[in-house]
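Here are a few short exercises to work through with the model open beside you. Try each task before you read its solution.

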Amino acid sequence: SQSRYQAGSRFTHALGMAVFCLKGDTRVPLLDGRTLTMSEIKDEFDRGNNDLYTYSLDIQTKSIVPGKILKAVNNGTQPVFRVTLDNGNYIDATANHPILMRNNKYCKVCDSKINDRIMPYNLYVNKQGYYQVVNPYDGEDRPVHIVSIEYLGDFEVFDLCIDKYHNFALECGAVVHNSGLLDEASFMQESENTHQAYDSYISMSRRMKSRFMAAGGVIVTGK
């Protein structure tokens, strides 16, 4: 069964490295007009199609930019948490996956709390039949807030490495950071230390899940 946070509560999680992951059925809009799940993007890379671009944000110039996907990764089965938004959509991610917030800073799922305001992403088809993206830095129809965070279960998770801008938009209307483990050329230089750190993260994440469940869905900061 699912455990839900009470309004205003939060939980914490300390990690020594960044292995960010999203549930495999998370949908990602691409610049070629398709919307694929994370697992489908991984399948495309496995078939040799590595010319894929996401909608990304340049948080320095505050503009929408094409984000080239350098790599898609299957990070195995991990505990997943659902962050539900007040627009009815949700983000299914591991505890340490950073979400871009309205203040233009990233906040991990494990550090988020009820009523936190996320950076909105809105893609729609205009009257001419073309896709159009609303630049969130130019304003928004209404703020988008977090209304609940809950443990969803253990699922197969994936992530992307995005060139230069290191973030990508989700169909649910949020923008998330890309894989910290794979930024730039680091995925080409895997070492024994990387594997050890990854194993440590998996162990810590599972302990956090057990602690979360034992606390009845509420973990207070610093405890």
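A disulfide is a pair of cysteine sulfur atoms within 2.5 Å. Keep in mind that this is a predicted model.

**Exercise 1: cysteines**

Find out how many disulfides a search of the whole structure gives, and work out why cysteine 110 is not bonded to cysteine 107.

Solution, step by step:

1. Begin with the kind of bond in play: a disulfide joins the sulfur atoms of two cysteines covalently.
2. Searching the whole structure turns up zero disulfides.
3. For cysteine 110, the closest cysteine sulfur belongs to cysteine 107, and because the two sulfurs are 7.7 Å apart, they are too far for a bond.

**Exercise 2: burial**

Decide whether cysteine 110 is buried or exposed, then do likewise for cysteine 161.

Solution, step by step:

1. The cut-off to use is a relative accessible area under 20% for buried.
2. Cysteine 110 has 0% relative accessibility, so it counts as buried.
3. Cysteine 161 also has a value of 0%, and therefore counts as buried.

**Exercise 3: a salt-bridge network**

Starting from arginine 34, trace which residues are linked with it in a network of salt bridges.

Solution, step by step:

1. For the wider setting, the whole structure holds nine salt bridges.
2. Arginine 34 meets aspartate 32 through their side chains, at an N to O distance of 2.9 Å.
3. Both of these residues are partly exposed: arginine 34 has a relative accessible area of 31%, and aspartate 32 has 46%.
4. Arginine 34 also forms a salt bridge with glutamate 44, where the closest N and O atoms are 2.6 Å apart.
5. That pair links distant parts of the chain, ten residues apart: glutamate 44 sits in helix α1 (residues 38-46), and arginine 34 in the loop between β3 (27-29) and β4 (35-37).
6. Glutamate 44 has 9% relative accessibility, so it counts as buried.
7. Glutamate 44 forms a salt bridge with arginine 47 as well, at 3.7 Å from N to O.
8. Arginine 47, at 63% relative accessibility, counts as exposed.
9. Put together, the network of salt bridges links Asp32, Arg34, Glu44 and Arg47.

Technical notes
Residues are numbered from 1 along each chain as its sequence is written. This is a predicted model: local features need pLDDT of at least 70, side-chain atom pairs count only at pLDDT 80 or more; totals for chains, interfaces and linings use all residues. Side-chain values use heavy atoms; hydrogens and water are left out. Buried means under 20% relative accessible area, exposed over 50%, partly exposed in between (1.4 Å probe, protein chains only). A salt bridge is a side-chain nitrogen of Lys or Arg within 4 Å of a carboxyl oxygen of Asp or Glu. Helices (H or I, at least four residues) and strands (E, at least two) are DSSP runs, numbered from the N terminus.
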